Amino acid sequence: MQSHYLELIVQGSLYALVLFSVVTWVLIAAKGVQHYRVSKRDKAFGKAFWSASSLDAAAALPNGASPKSRLAEVGFEALYVSDADAGADLEHDWGRRELLERYLRQQIHKEYQSLESGLAILASIGSTAPFVGLFGTVFGIIHALGAIGASGSASIDVVAGPIGEALIATGVGIAVAVPAVLAFNFYVRRLKVTAAELDNYATDFVNLAQRNNFRVANPPAARAPQRSAAVTVELTAGLPAGAAA
C-alpha cells in the first residue's frame, strides 16, 4: 500500500476522533443543561404540589414543564370525570385506578426515554474511540515499516514521523473515550435517580387519588377546555350498557 494512502488512513482516524470528541462534549453540555432544568423545575412543582390544600387545588396548578408536572397532568386527566357528583362504587373505582396507574406508568416511560436520549451515543463513542485510535496506530506502524523498507535504514529521522502519528492516534483515542465513559456513567446514575423519584411520586399520587375516590372535580389546568377523548373511551369501554350514560 502506498505511503500516501497510509497517511490518509491515519489522518482520517484522527479526524474521526476529533468529530467524536466534539459530539461527546456537545452531548455532555446538553445533558447537563437538561438534568439541571429537570431538577430545578421538579423541585419547584413538587413544592407547589405538596403545598396545595387539596387534590382538586393541585389539579389547578399550571404546568411547570417538568417530568413531575407532566406526570401529574396525565394523572389528573385520568381522574377527572364530568359526573363527579355521582356516587362511587367498587367497579368504577377499580377501573379508574387501573387507568390511572397505566397512564402514570406510560408517562414515566416517556420521561425515561427523553432523559435517556443521547446516552447510547456516549456509550458507543466510549467503547469505539480506543479502537479507532488503535486502527490509526496500526496503519501508522505499517507506514513506518514501509519507510524503513524504502530507505533501507531504521534511523530516527525515517521512523519518527510515522511512529509519532501512530502514538498520537492511540493517545487521542483514549482521550476521547475517557470523558465519554465517565459522562455516560454519571448520566445513567442521574437517570436512575430521576426515575426512582418519579416512581415514588407516582405511588404518592395514587395514594392521594385513592383518598379522593379516584376523582377530581376540576379538569387539569393544562387541558381545562376539554377532556382527552382517549381517556373518555377507556373509562367507558369496560362498563355495562347504560352505565356510561
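**Close-up 1. Asp42, a buried acidic residue without a salt bridge in the predicted model**. Asp42 is buried yet takes part in no salt bridge, and the nearest side chain of opposite charge, that of Lys68, is 5.4 Å away; because a salt bridge requires a side-chain nitrogen of Lys or Arg within 4 Å of a carboxyl oxygen of Asp or Glu, the pair Asp42 and Lys68, separated by 5.4 Å, is not counted as one. Asp42 belongs to helix α1, which covers residues 3-51. When residues up to four places away in sequence are left aside, Asp42 touches Ser66, Pro67 and Lys68.

**Close-up 2. Ser117 in the loop between helices α4 and α5**. Ser117 is placed in the loop that follows α4 (90-116) and leads to α5, and with a relative accessible area of 40% this serine is partly exposed, because that class lies between buried, under 20%, and exposed, over 50%. A polar atom of the Ser117 side chain lies 2.7 Å from the backbone oxygen of Ser114. Although Ser117 and Lys31 are 86 residues apart along the chain, their C-alpha atoms are separated by 8.9 Å.

**Close-up 3. A nonpolar surface patch that includes Val138**. Phe131, Leu134, Val138 and Ile142 form this nonpolar patch on the surface, and together the four side chains' residues have about 380 Å² of accessible area. Val138 is found in helix α5, which comprises residues 119-151, and counts as partly exposed because its relative accessibility is 39%.

Key. Residues numbered from 1 in each chain as written. Predicted model: local features only at pLDDT ≥ 70, side-chain atom pairs only at ≥ 80, totals over all residues. Heavy atoms only, no water. Patch = residues over 30% accessible without salt bridge, like charges linked within 9 Å, V, L, I, M, F, W, Y side chains within 5 Å. Areas by Shrake-Rupley, 256 points an atom, 1.4 Å probe, with all protein chains shown as cover. Helix = DSSP H or I, 4+ residues; strand = E, 2+ residues; numbered from the N terminus. Buried < 20%, exposed > 50% of the residue type's maximum accessible area, 1.4 Å probe, protein only. Polar contact = N/O pair within 3.5 Å; in protein donor to acceptor, adjacent residues only side chain to side chain. Lys, Arg positive; Asp, Glu negative; His and termini not counted. Contact = heavy atoms within 4.5 Å.
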